[in-house]
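Let's take a walk through this one together, with the viewer open. We'll begin at one end of the chain, spend a while around the ligand, and finish with some backbone oddities.

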Amino acid sequence: MLNIENPTTTLAIDTSCDETSASVVCGTTILSNVLPSQMKYHKKFGGVVPSLAKFAHEERIDNVVNQALKKSGVEIENIDAIAVTIGPGLAIALEVGIRKAKELARKYNKPLLTINHMEGHLLSALAKRKEKNDNTQSEDLNNINFPVLGFLISGGHTELILVEDFHKYTIVGETQDDSCGEAYDKCGRIIGLGYPAGPVISQFAKLNRANVDYVIKKDSQRTMVELTNQISKKKYQLPIPMTHSGNLNFSYSGLKTAFKYLVHEITGEIVTVQDQLEGKINLKKDVIYDLCSVFEASAIEQLKTKLTKALVKYKAKEVWLGGGVVASQRVRSELRKVSKLNGAKLRYPYSKKLTTDNAAMIGIAANLKLRKLGNRKLNDEISGVYFKDFDSIDRIPNMSL
Ligand code: KG4
Ligand code: ZN
């Protein structure tokens, strides 16, 4: 029988997209987080190919689970529960993880928890390192100052979530078209940076930081960012969409279109999709760097504007960042400034592996669900928390928080 007074230890699995991941988590402390990259399969296609993702998950899942257990030093018999992502994600990819989780739960007679992938990203900011496991985690969790604003910035989502308490979530802002990460990837692809282009754009913008200055220009219609390269004296402008809207929603497709026109204006050539995939693009290195800088400035300015509005509106005491784009140091430092200015504490995942899709965040979400139950004895199935009727568990690809 499970003793929920102590932090529970969960074996978690996530196969929602292109990462095959398994992890063992005690409370919010990460004992292992295994995620071998599938990137070599998808890179040449310029994006994730669902059938290839499924194939790679099937090939790796057993090994990844075994490695996660081995690295954690916990025997599967001593695990309290199994947790698995049921959505949102690619249906045929989710199925692989769900099948494996059911198999393990049956074989070892463990409760099975179904977890929303986005809840995992949201809670990833609470992850603690194994070395720092000093048993103060329940105290830490009691010290969280609600309301919190969760800010998920990934390849699939750009969302602001009002967290009034654990498990009390309301989406207060989301993208109306492309996500922020998608804009990084699509714009990077236009200038031949491959896939995923987000990390490359961030790196080039960082290397170029000392050479450029930018100003934000506003009129009654729109807001623009104007970047000047102090060496070449070249100037570049891009819009910052949605700054005039009264709501907390985002839009990134207009930025992508404006970026395409800007590249066209510079090269005098229309860049085809094939050119993008093959990296055939007629731009000098310093111009590519400037384009990365001006894109980054616009993309981040929209995030800052919306976070400021949300902090003022909800008077949040903390901001939790999650999702792949949070791997960008610039994103974190700019959002920290905004949080600080508005009296909120910023938390974000302690490592890059926790910003991308990973099973550790799923384990945290599962342990927090178990914690919510207090010392109730886990003999019976509890609706929405864990299941004994494994056959009723299925993927929900389009689920929302
Ligand atoms: O959360 P994630 O791994 O996958 C999901 O979408 O769920 O996010 C992937 C996104 C990609 O768009 C990738 O380009 C972006 O995160 N990304 C970055 C960086 N690292 C990953 N974007 C900007 N700077 C980075 N350092
Ligand atoms: Zn994700």
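A polar contact here is a pair of N or O atoms within 3.5 Å; inside the protein, one of the two must be able to donate a hydrogen and the other to accept it. Keep in mind as you look around that the model is predicted.

With that in hand, go to Thr8, which sits in the segment before strand E1 (9–14). Its side chain and that of Asn367 are joined by a polar contact of 2.8 Å. Thr8 also has Cys26 for company: 18 residues separate them in sequence, and their C-alpha atoms are 5.6 Å apart in space. Is Thr8 buried or exposed? It is buried, because its relative accessible area is 3% and the cut-off for buried is under 20%.

Now swing over to ligand 1. There are 19 residues around it, and those that come nearest are Gly155, Asp185, Ser202, Gly324 and Thr356. By type, the shell around ligand 1 splits into five nonpolar, twelve polar and two charged residues. For the individual contacts, look at Ser202 again: one of its polar side-chain atoms is 2.6 Å from a nitrogen atom of ligand 1. The backbone joins in too. A polar backbone atom of Gly156 lies 3.0 Å from an oxygen atom of the ligand, and a polar backbone atom of Gly198 is 3.2 Å from an oxygen atom of ligand 1. How much of the ligand does the protein bury? On its own, ligand 1 exposes 560 Å², and 84% of that is buried by the protein. Two elements give two or more residues to the shell, namely helix H6 (180–190) and helix H7 (198–208).

Those two helices come up again once you turn to the aromatic rings. Searching the whole structure turns up seven aromatic pairs. One of them is Tyr184 with Phe295, an edge-to-face arrangement with 4.9 Å from centre to centre and 80° between the planes. Tyr184 belongs to helix H6 and Phe295 to helix H10 (residues 285–314), so this pair ties together distant parts of the chain, 111 residues apart. Both rings are tucked away: Tyr184 counts as buried at 2% relative accessibility, and Phe295 counts as buried at 1%.

Helix H10 also offers Tyr289, which pairs with Phe204 of helix H7, and here the two partners are 85 residues apart along the chain. This pair is stacked, with 4.6 Å between the centres and 25° between the planes. Phe204 is buried, with a relative accessible area of 17%, and Tyr289 is buried as well, at 14%.

Elsewhere, ring pairs link Phe146, Phe166 and Trp320 into a cluster. There is also a charge over a ring to look at: Arg332 lies over the face of Tyr348, 5.1 Å from the ring centre.

Phe146 leads us to the backbone. Its peptide bond to Pro147 is cis, with omega near 0°, and Pro147 is in the loop between helix H5 (137–142) and strand E6 (148–153). Another cis bond runs from Tyr195 to Pro196, with omega near -10°. Where does Pro196 lie? In the loop between H6 and H7, the two helices already met in the shell around ligand 1.

Next, check phi in a couple of loops. Lys233 is not a glycine, yet it has a positive phi of about 65°. You'll find Lys233 in the loop between strand E10 (223–229) and strand E11 (235–239). With a relative accessible area of 55%, Lys233 is exposed. Met242, also a residue other than glycine, has a positive phi near 70° and sits in the loop between E11 and helix H8 (253–267). Unlike Lys233, which is exposed, Met242 counts as buried, at 18% relative accessibility.

One last stop is Asn342, in the loop between helix H11 (329–341) and strand E13 (345–347). At 27% relative accessibility, Asn342 counts as partly exposed. Thr308 is 34 residues away from Asn342 along the chain, and their C-alpha atoms are separated by 7.5 Å.

Definitions and conventions. Residues numbered from 1 in each chain as written. Chains lettered and ligands numbered in written order. Heavy atoms only, no water. Near = heavy atom within 4 Å. Areas by Shrake-Rupley, 256 points an atom, 1.4 Å probe, with all protein chains shown as cover. Helix = DSSP H or I, 4+ residues; strand = E, 2+ residues; numbered from the N terminus. Nonpolar A, V, L, I, M, F, W, Y, C, P; charged D, E, K, R; others polar. Phe/Tyr/Trp six-rings, centres within 6.5 Å; stacked < 30°, edge-to-face > 60°. Buried < 20%, exposed > 50% of the residue type's maximum accessible area, 1.4 Å probe, protein only. Lys NZ or Arg CZ within 6 Å of the ring centre and 35° of its normal.
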